[in-house]
Amino acid sequence: MDTLLEALGPTLGVSGRTFIIQLLLVAGIVAIVAWLFVKRGAKQLAVRRLLVIAFAVFAALTVLFPTMLTRVAHMVGVGRGADLLLYATVLVLLGFLALQEARTKNAEKRTTYLARRLSLDEAEPAAQYRERSLREHDG
């Protein structure tokens, strides 16, 4: 893995450690976008709860041990812990937007289905419509 990073790093104009964080961030973004196109069900709720818990633990640890975040940032090639926190926040925000988009699509589908169902349920039967139309036409 290190040789791959060393080989790709100079090609992309970045050091190996900077390439690590860039690779992780881009992979996270791609995963979130891909997740938008996957069908979700009950498993989505469990995953969402686990992600919220993981982010809460991460946030608490960064508040309690800010130097640890800086050390982790240096390990992955980011200059400051605050920058790493910003990158993580961007990923969480994109994830939240993806979830909201999925919820909105589901709500629109349900609303459309209900509107169609209601219009069909309240529609006048064809025979009744025919009789009424003939009566009105014959006048």
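Here are some worked exercises on a predicted model of a protein.

**Exercise 1. The overall fold**

Work out how many helices and strands the protein has, and what share of its residues counts as buried.

*Step 1.* Start with the helices and strands: there are six helices and zero strands. If you walk along the sequence, you get the pattern α-α-α-α-α-α.

*Step 2.* Now look at burial. The protein has 139 residues, and 16% of them count as buried.

*Step 3.* Next, check who touches whom. Take the contacts between residues at least 6 apart in sequence: 57% of these join residues at least 24 apart.

*Step 4.* Finish with the outside. The accessible surface comes to about 10700 Å², and carbon and sulfur atoms own 68% of that.

**Exercise 2. The nonpolar patch**

Find which residues make the nonpolar surface patch, and say which helix gives the largest share of the patch.

*Step 1.* List the members: Ile29, Leu86, Tyr87, Val90, Leu93, Leu94, Phe96 and Leu97. Together they make a patch of about 690 Å².

*Step 2.* Sort them by helix. Helix 5, which covers residues 81-122, brings seven residues, the largest share.

*Step 3.* Zoom in on one of them. Leu86 sits in helix 5. Is Leu86 exposed, partly exposed or buried? Its relative accessibility is 48%, so Leu86 counts as partly exposed. You'd need over 50% to call a residue exposed.

**Exercise 3. The largest pocket**

Describe the largest pocket: what is its volume, and which helix gives the most to its lining?

*Step 1.* The volume first: about 770 Å³.

*Step 2.* Then the walls. The lining has 27 residues, and those nearest the centre of the pocket are Leu51, Phe55, Ala88, Leu91 and Val92.

*Step 3.* Trace the lining back to the helices. Helix 2 (16-36), helix 3 (42-64), helix 4 (66-76) and helix 5 each chip in with at least two residues. Helix 3 gives the most, with nine residues.

**Exercise 4. Salt bridges**

Count the salt bridges, then find which residues are linked in a network.

*Step 1.* The count is four salt bridges.

*Step 2.* Try a simple pair. The side chains of Asp83 and Arg80 form a salt bridge, with N to O at 3.0 Å. Arg80 has 51% relative accessibility, so Arg80 counts as exposed.

*Step 3.* Move on to Arg132. Its side chain meets that of Glu124 in a salt bridge at 3.0 Å, N to O. The side chain of Arg132 also meets that of Glu136, at 3.2 Å, N to O.

*Step 4.* Put these together: Glu124, Arg132 and Glu136 are linked in a network of salt bridges.

*Step 5.* Why are Glu136 and Arg132 about one helical turn apart? Because they are four residues apart in helix 6 (residues 126-138).

*Step 6.* Compare how open the three network members are. Glu124 is partly exposed at 34% relative accessibility. Arg132 is partly exposed too, with a relative accessible area of 30%. Glu136 reaches 54%, so Glu136 counts as exposed.

**Exercise 5. Arg71 and Gly81**

Find where Arg71 lies, and what distance separates its C-alpha atom from that of Gly81.

*Step 1.* Look for Arg71 in helix 4.

*Step 2.* Is Arg71 buried or exposed? With 55% relative accessibility, Arg71 counts as exposed.

*Step 3.* Now hop along the chain. Arg71 and Gly81 are ten residues apart, and 7.4 Å separates their C-alpha atoms.

Notes
Residues are numbered from 1 along each chain as its sequence is written. This is a predicted model: local features need pLDDT of at least 70, side-chain atom pairs count only at pLDDT 80 or more; totals for chains, interfaces and linings use all residues. Side-chain values use heavy atoms; hydrogens and water are left out. Patches are made of residues with over 30% relative accessible area and no salt bridge: like charges are joined within 9 Å, nonpolar side chains (Val, Leu, Ile, Met, Phe, Trp, Tyr) within 5 Å. Accessible areas come from the Shrake-Rupley method with a 1.4 Å probe; for residues, only the protein chains shown count as cover. Buried means under 20% relative accessible area, exposed over 50%, partly exposed in between (1.4 Å probe, protein chains only). Contact means heavy atoms within 4.5 Å. On a 1 Å grid over the protein atoms alone, a cavity is a set of points where a 1.4 Å probe fits but cannot get out, and a pocket is an open set with protein on both sides within 12 Å along at least five of seven lines; lining residues have an atom within 4 Å of a point. Grid points are joined across faces, edges and corners, and a volume is the space filled by probe spheres set on the points.
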